[in-house]
Amino acid sequence: MKKLTALLLLALFATGLYAQSKTDLPNVTLKDLNGKDVNIAKLSNNGKPIVITFWATWCAPCIKEHNALNDVYQDWVDETGVKLYAVSIDDSRSTAKVKPVVEGKGWDFDILLDVNSDLKRAMNVSNPPHTFLIDGSGKIVWQHTGYVEGGEEELYEEILKVAKKKK
Amino acid sequence: MQKHILLVTVLALIGFGASAQSFLENSQVNGSFQTDAQYYMLDKGIDITDLNGKKFGINGFGKVNYTNGNFSAGIRFEAFLPEMNGFRSELNGVGLANFYATYDNGFIGVTVGDIYDQFGSGLVFRTYEEWSLGMDNALRGARVVLRPTNGVTIKGVYGRQRFFWAPYLEREMSADDYRGIVRGADAEWDLNQSIPSMNDSKFRMSLGGSFVSKKQADQSLFYYIPENVGAAAARLNLGYGNWAFSTEYAYKINDPSAINNFIYKEGQALMASLSYSQKGFGAVLQVKRTDNMSFKSMYTGKQNDLDINFIPPINYTHTHSLPSMYTYSTQPNGEMAAQLQVNYTIPKGTALGGKYGTKLAFNMSQVNDIVRDSIMDNGQMVINKKGSLGYASDFFAISKHRFFRDINFEIDKRINKDWHVNAQYINLYYDIETIEGHAGAPVVQANIGFVDVTYKINKKQSLRLELQGLWENEVHKGYEVEESEKKDYQKRGDWAAALLEYTISPHWSFSIADKWNYGNPVEEYRDHYFTGTVTYIHDATRVMLSGGRQSEGVVCVGGVCRTVPASSGVTLTVSTSF
């Protein structure tokens, strides 16, 4: 049993190394705030970068991060054409609150609902907040877990790199 | 052992064998790991005088997904060596806990293996996994999803639920493992996506319905246990412009179980929510009634074991350490609840809004018991008696027995580029006797407040100070506690807490915190809970080391939240995803 364990861990580790290559967005369908289906694999922003953040109404650092992002979002859009999708992992406890919270806080992002945590599982998110950066060809090029004050600066540097590459 | 090696080799060969150029190019692998390890120490100060031979607790998982076009598959390996304190001892062990393979081309999706899914809001079916709680009720079996036309989704599931490490095959199951088979179907119709003329309509509507049944063997010597128990639910979502309304009703036939004390009453649940939102303002009102809706695939199941459905609590989730000490948990045998939440942002550029706007939030939630009236059953007056119909309940009557109430008000304000303040006041009513089972202990009625101030030293560095207080109305210093009831007064009375965090974006966070139960009626419980934490984050990798005393609750440091059980010692968490 121990050998099998070791073998499996080794295999996992090896696949981990192999997987350093960029991956696509998974084939998962979520709903937007109007109930419309959105297939994540088909998200596109005309060759410009996309940011996907995972958050929840009950996650204090997530709210902080999104308040901070909202303050700078319009500038980022003007400068890089980036588009941000904020994926709420609220389950049926709090799904009904997502729209009132988003509107009440005045956020300008596109919101998607991952009520069954399908995308969270497919993208291997353990704890929110968790942020992904997707380049113009739809590949995940960077990700980050957690949020501390000023963390949006690092994200912006990464967005700039991706946006420049495109030109 | 040899069999396993053979299997791995064969799999590897298939992997390489199939390495036609295009196949490899489309192959993608991703995954994640997490290890939480604790080293426990004796701590007489908080009554930890015996570790019961347990110095370490380690929870770990590794998970890998493989995708290739419409095909995906994955495994999750888990190790609890042994499980950390506060997790169920049945988790102790190592193994392949979860695997699945899916093919989905948009029209049809087929999954075999461990399935996580939910129908509607989960009132009759929801399987999910929550690592921080050690909870996993995945359905091992098969699922088919059909999307015959735009806006129509039909699902079917079949299988047996995960029960820690218990085997799934009938012939391997132990004699006291009565887990049944779960079967379910669900259909949803979204009119806006399905009818072209409604695609861009301001009016939105979707309908859904589900049916779930469990097939279980009757092993009881005393009662006739129904071998098939069915539950059905119907739901409706409506929207018009800024308004949204949604509701779901569920019904379950008689389902005697350990949770409902083996009564033969039917179960019912109703949930509804109404919301209005526009830029800068959002309000939502939710109501809920549940009666005898615990639904498990094993009728002897306890606590959260083998839940087929999910009854969502609809109260506010607090994340600061003092208010989260008294988090409400759903009462499976029945409750009536309501909640109102309002979010409002005072616009930028006004006198009260300032340069950045001021964010306000109000929330009120209350949960009461349902009314249970005695009825005649086999010529006898009964209430909640085993083997009887149990009771009758007026659908709209609300019992005077209040379980929980939370009224809170929050203000969030960026003062200028460097200063940010967040403050909340909470008025709490918490029936600790019902919710935590401390018989005879007085209700927790408390005022709680916190102030959370962040100062940005420069672009990368910042300081955050958090001050909290909890003051009980009745139970504090001087409250008479009998020697024999002392145990029920741990954590009771007044509390103060402080936390100082220094962060260097984007990698480092250092924090020290103390929680002090200074106003406990029992002198020996007036303890301090000191902790120190260092967190390092690099991209999607997080390493967190903390030491000190931890009381039960939700802790958020370095920007991530999780629930932790009480302990004294050192905790290390390492997680990464790729």
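Start by selecting chain A and chain B together and looking for oppositely charged side chains across their boundary: in this predicted model, six salt bridges are counted between chain A and chain B. To see one of them, select B:Arg126 and A:Asp91 and show their side chains, which meet in a salt bridge with a distance of 3.3 Å from N to O.

Keep both chains on screen and turn to polar contacts, of which the rule finds 20 residue pairs across the interface of chain A and chain B, with both residues of each pair at pLDDT 80 or more. Next, colour chain A by its elements, and look for those that give two or more residues to the side touching chain B: these are helix H1 (2–18), strand E1 (23–24), helix H2 (60–80), helix H3 (95–105), helix H4 (118–122), strand E8 (139–145) and helix H5 (151–166) of chain A. Which element gives the most to this side of chain A? Select H1(A), which contributes ten residues and gives the most. If you then colour that side of chain A by residue type, its residues divide into 22 nonpolar, 22 polar and 22 charged.

Now select the whole contact, which takes 66 residues from chain A and 85 residues from chain B. The size of an interface is often given as the accessible area lost when the parts come together. Here chain A and chain B bury about 6,300 Å² between them, and 53% of that area lies on carbon and sulfur atoms.

Hide chain B for a moment and follow chain A by itself, where you will find five helices and eight strands. Tracing from the N terminus on, the elements of chain A run in the order α-β-β-β-β-α-β-α-β-α-β-β-α. If you display contacts within chain A between residues at least 6 apart in sequence, 70% of them join residues at least 24 apart. Buried residues make up 62% of the 167 residues in chain A, while a surface view of chain A goes with an exposed area of about 6,600 Å², of which carbon and sulfur atoms supply 54%.

For the last stop, bring back chain B and select strand E30 (residues 567–577) of chain B, where B:Thr571 is found. Is B:Thr571 buried or exposed? B:Thr571 has a relative accessible area of 5%, and it therefore counts as buried, the cut-off being under 20%. Add B:Gln38 to the selection, and you can see the side chain of B:Thr571 making a polar contact with the side chain of B:Gln38 at 3.1 Å.

Notes
Residues are numbered from 1 along each chain as its sequence is written. Chains are lettered from A and ligands numbered from 1 in the order in which they are written. Side-chain values use heavy atoms; hydrogens and water are left out. Contact means heavy atoms within 4.5 Å. Buried area is the accessible area (1.4 Å probe) that two parts lose on being put together, summed over both. A salt bridge is a side-chain nitrogen of Lys or Arg within 4 Å of a carboxyl oxygen of Asp or Glu. A polar contact is a pair of N or O atoms within 3.5 Å; within protein, one must be able to donate a hydrogen and the other to accept it, and residues adjacent in sequence count only if both atoms are side-chain atoms. Helices (H or I, at least four residues) and strands (E, at least two) are DSSP runs, numbered from the N terminus. Ala, Val, Leu, Ile, Met, Phe, Trp, Tyr, Cys and Pro count as nonpolar, Asp, Glu, Lys and Arg as charged, and the others, Gly among them, as polar. Buried means under 20% relative accessible area, exposed over 50%, partly exposed in between (1.4 Å probe, protein chains only). Accessible areas come from the Shrake-Rupley method with a 1.4 Å probe; for residues, only the protein chains shown count as cover.
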